[in-house]
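Visitor: I'd like a close look at one part of this model rather than a quick tour of everything. Could you pick one helix, walk me through how it sits among its neighbours, and then work outwards from there?

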Amino acid sequence: MNEQERIQQYVAEVKEWGKQVEQILLQRGEDGGDCRVDSLLSYIEHHGDAWTEDAIYELQRMVDEVYEKALVFQQNGQSAIRQEESGIEERQQTSIGQEENGIEERQQTVVRQGESGTEERQQAASEQEEESEAEERQQTYVAAGRHVLPPLPYSYDALEPHISREIMRLHHTKHHQSYVDGLNKAEKMMKKARETNDYELLKHWEREAAFHGSGHYLHTIFWNNMHPKGGGQPRGELLEQIKRDFGSFERFKRHFTEAAKSVEGVGWALLVWSPRSHRLEILQTEKHQFMTQWDTIPLLVIDVWEHAYYLQYKNDRAAYINSWWNVVHWRDVEERFEQARKLRWKPF
């Protein structure tokens, strides 16, 4: 399969995902335009068959925008319109009263209108500010049990020969989807426990939320940590921080590789930023949530569960890890580091 065929396949998968999102919105009585899915589908429909790299980047940007807006739908109130209508009606009634009651009353009314108008404008400005803050919170908020599977930022066969299409398809649509479903169920059951004041099974659902939630979040990082044109070394501040904390990039890579190879059973290896010690660290985690360190931010992760490589590499985890370095998307890791290092706790 050549490059254009891969791109066409990716565009087709994005289109199918967009239609699924649109269908879900219709079932919930929502407008597809609110989360820009209409724009996404229209962009694909009218673009034609020739996709340039810039067009693909624009498509990925639109996918990201749809995904974020689909998490929570903005509830647009009409309070400003109602305020304006009320103000017009009040001014009309006041004008009639002025004509009936003479000059003196008109003067008093003018004073009262000025005071009332000032108060209304201040109240309207305050409500507008509150609505703006609420809108911003909604765009970055996922209600309990409303997580969705994020689309891959590339086609399923884009990482070949290092990771096969079959592995990527099963890993994303089956395994990651199961973590999303498990997290949603756990969150809904904990919400039900709060509403019914019945906490008998809370320990079970808390464990389910820890397992499936960690699986969902780590896989979301994992997909973006890889790219068809990945590999090589990081640049800039991240490379300098790696050299400072590990001695050299080669030492870091060897340490990370050995950590991934030696995860007991199934789990992950992670490069993290520690806001407490103000440096990078390499950690392991078993399953998704055990035997690791709190108060850290994952930057680069590799999944070493067998479902991530067994169909292609059998039980040769080391070969999978060595090949995986060829698809590491350092630009994504650099961006995560740039955001993460802004968080710095008092060191102890």
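Guide: Let's take helix H7, residues 236-246, in what is a predicted model. Its buried residues are Leu-238, Leu-239, Gln-241, Ile-242 and Phe-246. Look down the axis of H7 and those buried residues fall within an arc of 160°, so they line one face of the helix. The general background is simple: an α-helix has 3.6 residues a turn, so residues three or four places apart point the same way.

What does that face of H7 pack against? The partners of its buried residues are helix H8 (249-261), helix H11 (330-340) and two strands, E1 (267-274) and E2 (279-286). Right after H7 comes Gly-247, with a positive phi near 100°.

Now flip the view and start from H11. Its buried residues are Trp-330, Asp-332, Val-333, Glu-334, Phe-337 and Ala-340, so you'll find Asp and Glu on that list along with Trp and Phe. The cover over them includes H7, H8, E1 and E2, plus helix H6 (202-224) and strand E3 (297-303).

Stay around the strands for a moment. Asp-295 sits in the loop between E2 and E3, and has a positive phi near 65° without being a glycine. At 37% relative accessibility, Asp-295 counts as partly exposed. Further along there's Lys-314, in the loop between helix H9 (310-313) and helix H10 (317-324). Lys-314 is another non-glycine with a positive phi, about 55°, and its 46% relative accessibility makes it partly exposed.

Zooming out, the protein chain has 11 helices and three strands, in the order α-α-α-α-α-α-α-α-β-β-β-α-α-α along the sequence. Of its 348 residues, 39% count as buried. If you take contacts with a separation of 6 or more, 68% of them are between residues 24 or more positions apart.

One local example of a contact across the sequence is Gly-145, in the loop between helix H4 (79-139) and H5. The C-alpha atoms of Gly-145 and Lys-188 are separated by 5.3 Å, though the two residues are 43 apart along the chain. Setting aside neighbours within four places in sequence, Gly-145 is in contact with Asn-184, Glu-187 and Lys-188. Gly-145 counts as buried, at 6% relative accessibility. The loop between H4 and H5 also holds Pro-161, which is joined to Glu-160 by a cis peptide bond with omega about 5°.

Last stop, the second largest pocket, with about 680 Å³ of space. Helices H1 (3-27), H3 (53-71) and H5 (165-196) are the elements that give two or more residues to its lining. H1 supplies the largest share, nine residues. The lining of this pocket has 30 residues, and Trp-17, Gln-20, Val-21, Leu-149 and Gln-177 lie nearest the centre. By type, the lining splits into 17 nonpolar, seven polar and six charged residues. Domain 1 (3-73) and domain 2 (165-225) each contribute at least three residues to it.

Technical notes
Residues are numbered from 1 along each chain as its sequence is written. This is a predicted model: local features need pLDDT of at least 70, side-chain atom pairs count only at pLDDT 80 or more; totals for chains, interfaces and linings use all residues. Side-chain values use heavy atoms; hydrogens and water are left out. Buried means under 20% relative accessible area, exposed over 50%, partly exposed in between (1.4 Å probe, protein chains only). Helices (H or I, at least four residues) and strands (E, at least two) are DSSP runs, numbered from the N terminus. The arc is that of the directions from the helix axis to the C-beta atoms. Contact means heavy atoms within 4.5 Å. On a 1 Å grid over the protein atoms alone, a cavity is a set of points where a 1.4 Å probe fits but cannot get out, and a pocket is an open set with protein on both sides within 12 Å along at least five of seven lines; lining residues have an atom within 4 Å of a point. Grid points are joined across faces, edges and corners, and a volume is the space filled by probe spheres set on the points. Ala, Val, Leu, Ile, Met, Phe, Trp, Tyr, Cys and Pro count as nonpolar, Asp, Glu, Lys and Arg as charged, and the others, Gly among them, as polar. Domain bounds come from an automatic or database domain assignment.
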